[in-house]
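Here are my notes for your review. Please read them with the coordinates open.

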Amino acid sequence: MKSKVKSIETKYREERQTFFQGLKNLDRRSFLKVAAAAMGAAVASGITPHHSFQSVALAGGAISAGKGASFRFAYISDSHLYEKKINDRFVRSLLRAVEDINNLDPQPDFVFYGGDLAQLGQPKELELGARILKNVKAPIKMMVGEHDWYLDMGRKWRELFGEPTYSWDHKGVHFVVLNSVVERDFWTARKLTPMERMMTVAGLDNGVQSPFTVGAPQRQWLRKDLSKYSNDTPLVVFSHSPLYKLYKNWNFWTDDAEEVQAILKRFKRVVVIHGHTHQLLTNRIGNIHFHGLLSTAWPWPYAPEGMPELTIEMNRPDPFNPNDGCGDGEVFVHPDGLVDKVYNLWNRKPIVVAKAYTESWGKQAKPPKPNRAGY
Ligand SMILES: [Fe+2]
Ligand SMILES: [Fe+2]
């Protein structure tokens, strides 16, 4: 008797084909289909994708409830998309994050994307990312990362998403997005090709690239942008690299951080939210409260020295689960502009770094370590 059961290879090939076919023309209907395919893997490995996120959203809502215009936004960051023929895991992870956030009820006021949408700044990588992010239901705000920029110096990214430096007001809070990955020209004298330049910036510890900066022109822009606002305006600033100096060899570092911090100093409370470090990261320097974003692609290890005291470190990711240590999340903005930062870890309990934690310099509301036992 001939078996009707398909071989694993055939089934895999068919599923993959459907998945990529769906990615080609990603309208809402095919998005749901490919997202479901992407989610299949998560469910099969015993992770329930939405449940934990929703319960945190409700808890967070309760935390934020009160007078004034508290609100929340969601975030996705550091998806590092390769062209799909090379790697589809990161594509699936981004689809999963979009689904996570589209399932939030109520919907966030907007979704912030924290940079490094592409892996090597290639037009096809950025276009794929833009196509996927079009399916986010809430309005989306974009930030650029070094992986998006150094192949064509931002030409494609700008074409898709506009200028990388901008600001807006929302419910009494002033939001600013900076391009913090500006590097000094190390490529012209060395006669590097665009791809060599991109690969150099994408690498660590190479001693060739210059450190990231915000740079004088943007600092000038920032000073001017903020000049219209009084010192007690709640201020949230987004930068791809942390706006402080953490670990230079990995470029967890912004070289003119002190100069930017000086511009922000007159404000009573400032929140800086950054991508790039792919991990739970919390810091406070004077009036500035810093929060890192999770990556959908992979978690970085922690810097071997100089870790900020307020950081709650998670232990090393489970090597048998490629999504461990990855995730997305939400930010609850209180009327005074300080935030409860939610790390929605896909394979662990979600962690909330509450406003009271950074406000009390770590004395109150200490979050539990989001560690998993056994590895
Ligand atoms: Fe990244
Ligand atoms: Fe980055």
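Which protein atoms are the donors of the iron ion (ligand 2), and how far from it do they lie?

1. **Second iron site.** The protein donors are Asp116 (OD), two OE atoms of Glu146, His240 (NE2) and His276 (ND1). They lie 2.2 to 2.6 Å from the iron ion (ligand 2). This is a predicted model, and every distance here is computed from its coordinates. Along the chain, the donors follow the spacing D-x29-E-x93-H-x35-H. The pair Glu146 and His240 links distant parts of the chain, 94 residues apart. Glu146 sits in helix α6 (residues 146–149). His240 sits in the loop between β6 and β7 (245–247).

2. **Burial at that site.** Glu146 has a relative accessibility of 4%, so it counts as buried. His240 is buried too, with a relative accessible area of 0%.

3. **First iron site.** The iron ion (ligand 1) takes its protein donors from Asp78 (OD), His80 (NE2), Asp116 (OD) and His278 (NE2). These lie 2.0 to 2.3 Å from the ion. What are the angles among the four donor atoms? They run from 86 to 172 degrees, and the site is irregular. A tetrahedral label would need all angles between 85 and 135 degrees, so the upper end rules it out. Water is not among the atoms, so the site may look incomplete.

4. **Sequence pattern of the first site.** The spacing of the donors of the iron ion (ligand 1) is D-x1-H-x35-D-x161-H. His80 lies in the loop between β1 (71–76) and α4 (89–102), and His278 in the loop between β9 (270–274) and β10 (282–285), so this pair ties together parts that are 198 residues apart in sequence. Both histidines, His80 and His278, are buried.

5. **The bridge.** How far apart are the iron ion (ligand 1) and the iron ion (ligand 2)? They are 3.5 Å apart. Asp116 coordinates both.

6. **Open sheet.** Six strands form an open sheet with mixed pairing. The order is β3-β2-β1-β12-β13-β14. Its edge strands, β3 (140–142) and β14 (351–353), each pair on one side only. The twist averages 25 degrees from one strand to the next. Within the sheet, β1 and β2 (residues 111–113) pair in the parallel sense over three bridges. Ile76 has Tyr113 in β2 as its bridge partner. Helix α4 packs on this sheet and touches β1, β2, β12 (327–333) and β13 (339–345). The direction of α4 makes about 165 degrees with that of β1.

7. **Strand β13.** Is this strand covered or open? Seven of its seven residues are buried. Val339, Lys341, Tyr343 and Leu345 point one way, while Asp340, Val342 and Asn344 point the other. Note that Lys341 and Asp340 are among the buried residues.

8. **Neighbours of β13.** β12 and β13 run antiparallel and are joined by seven bridges. Gly327 stands opposite Leu345. The two strands form a hairpin with five residues between them. Gly337, in the turn, has a positive phi of about 95 degrees. On to β14: three bridges join it to β13, again antiparallel. Tyr343 has Ile351 in β14 as its bridge partner. A hairpin of five residues joins β13 to β14.

9. **Strand β5.** Five of the five residues of β5 (residues 173–177) are buried, so the strand is largely enclosed by the rest of the structure. Val173, Phe175 and Val177 point one way; His174 and Val176 point the other. β4 (residues 166–170) runs antiparallel to β5 over five bridges. The turn of this hairpin has two residues, and Lys171 there has a positive phi of about 45 degrees. β5 also pairs with β6 (residues 235–239), in the parallel sense, over four bridges. Val176 has Ser167 as a bridge partner in β4 and Val237 in β6.

10. **Confidence.** The average pLDDT is 88, and 82% of the residues score at least 70. Two stretches need care. Over residues 41–52 pLDDT stays under 50, and the model has 16 contacts there beyond four places in sequence. Over residues 57–67 pLDDT is also below 50, with 13 contacts beyond near neighbours in sequence. Where pLDDT is low, the predicted coordinates should not be read in detail.

Key: Residues are numbered from 1 along each chain as its sequence is written. Chains are lettered from A and ligands numbered from 1 in the order in which they are written. This is a predicted model: local features need pLDDT of at least 70, side-chain atom pairs count only at pLDDT 80 or more; totals for chains, interfaces and linings use all residues. Side-chain values use heavy atoms; hydrogens and water are left out. Donors are N, O and S atoms within 2.8 Å of the metal (3.2 Å for Na, K and Ca); water is not among the atoms, so sites may look incomplete. Four donors count as tetrahedral if all angles lie between 85 and 135 degrees; four count as square planar and six as octahedral if opposite donors are over 155 degrees apart and all others between 65 and 115; anything else is irregular. Buried means under 20% relative accessible area, exposed over 50%, partly exposed in between (1.4 Å probe, protein chains only). pLDDT is the predictor's confidence in each residue, from 0 to 100. Contact means heavy atoms within 4.5 Å. Two strands pair if DSSP finds at least two bridges between them. Axes are lines fitted to C-alpha atoms, for helices over the stretch in contact, and angles run from 0 to 180 degrees between N-to-C directions.
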